[in-house]
Amino acid sequence: MPSSLPAVQIEQLRRNAKRLARQENIPLHESQDRLAQSEGYKNWSLLAKGADQAPARARPPAPSTRRYYLHGDQYEPDPARYYCAECDVFFGPEHFDEAHRVDHGERALKATERFEKSPDDFASRVHRPKDAPTILAAAIAAAKAAREAREAARSPFHRWLDKQKDREDPVGDLANDILHGKHFPTGTASLPAVRRYLTDHLASREALGGS
Ligand SMILES: [Zn+2]
């Protein structure tokens, strides 16, 4: 039988089921059953009651660790669905045509990099195949290319700022403001353009050298 789910996970599934019902315009009991089945239970009420009552035959081959999904990853129990990390729901492919708060490719790229660097204790509790199927392969490649292009176009000044960001002084503050600001002219070598940016976006007398 499926291993007993912790209450917090059941609560998360309950929320996911509500969202899924809304998104798919299906009755709540149907979305609940669907999620319960993906966890190896026959239906939602068996899942909610806990593992003791769940029939043994409903159990999927249980991996020792939980499958971890990144933005865009294909859902193992239902290959027609993919994980949207921003909505925290598995959706059909068309969902990823909708613009989200963060660009899909960039989110997926960053999530993959973070996951690959994740600490051992986390990696021992979850698993994700090395080349997990994702709907965002092209978007990730585009995000990577865009990042490389941005990197190649950076001015020496912008690269220098990167080395100042840990300083505990106004120069460090300035470096962080600029590096985290979206609109800084990263490719420019022109002092007037940099000054214009600083005046418009920071207007900090201290950072501008008290001028
Ligand atoms: Zn979404």
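This tour goes through a zinc site, a pocket and two backbone outliers in a predicted model.

**Stop 1: the zinc ion**

Select the zinc ion together with Cys84, Cys87, His95 and His100. The two cysteines coordinate the metal through SG and the two histidines through NE2, at 2.0 to 2.2 Å. Angles among the four donor atoms run from 97 to 115 degrees, and the site is tetrahedral. Along the sequence, the donor residues follow the spacing C-x2-C-x7-H-x4-H.

Now keep Cys84 and His95 alone. This pair links distant parts of the chain, with eleven residues from one to the other. Cys84 belongs to strand β2 (residues 82–84), whereas His95 sits in the loop between β3 (89–91) and α4 (104–116). Are Cys84 and His95 buried or exposed? Both are buried.

**Stop 2: a positive phi beside the zinc-site strand**

Stay with β2 and select Asp88, in the loop between β2 and β3. Its phi is near 60 degrees, a positive value in a residue that is not glycine. Most residues other than glycine have a negative phi. Asp88 is partly exposed, with a relative accessible area of 23%.

**Stop 3: the second largest pocket**

Next, display the second largest pocket, which has a volume of about 680 Å³. To find its centre, select Lys110, Arg150, His158, Leu179 and Gly181; of the 18 lining residues, these are the closest to that point.

Colour the helices next. At least two lining residues come from each of α4, α6 (137–152), α7 (156–162) and α8 (170–180). Which helix gives the most to the lining? That is α6, with four residues.

Colouring by domain gives another view of the pocket. Domain 2 (64–152) and domain 3 (154–201) each contribute at least three residues to the lining. Colouring by residue class shows nine charged, five nonpolar and four polar residues around the pocket.

**Stop 4: a second positive phi**

Finally, go to Asn25, in the loop between α1 (7–24) and α2 (28–38). Although Asn25 is not a glycine, its phi is positive, at about 55 degrees. Is Asn25 buried or exposed? With a relative accessible area of 72%, Asn25 is exposed. For a last comparison, show Asn25 and Asp88 together: the former is exposed, whereas the latter is partly exposed.

How values were computed
Residues are numbered from 1 along each chain as its sequence is written. This is a predicted model: local features need pLDDT of at least 70, side-chain atom pairs count only at pLDDT 80 or more; totals for chains, interfaces and linings use all residues. Side-chain values use heavy atoms; hydrogens and water are left out. Donors are N, O and S atoms within 2.8 Å of the metal (3.2 Å for Na, K and Ca); water is not among the atoms, so sites may look incomplete. Four donors count as tetrahedral if all angles lie between 85 and 135 degrees; four count as square planar and six as octahedral if opposite donors are over 155 degrees apart and all others between 65 and 115; anything else is irregular. Buried means under 20% relative accessible area, exposed over 50%, partly exposed in between (1.4 Å probe, protein chains only). On a 1 Å grid over the protein atoms alone, a cavity is a set of points where a 1.4 Å probe fits but cannot get out, and a pocket is an open set with protein on both sides within 12 Å along at least five of seven lines; lining residues have an atom within 4 Å of a point. Grid points are joined across faces, edges and corners, and a volume is the space filled by probe spheres set on the points. Ala, Val, Leu, Ile, Met, Phe, Trp, Tyr, Cys and Pro count as nonpolar, Asp, Glu, Lys and Arg as charged, and the others, Gly among them, as polar. Domain bounds come from an automatic or database domain assignment.
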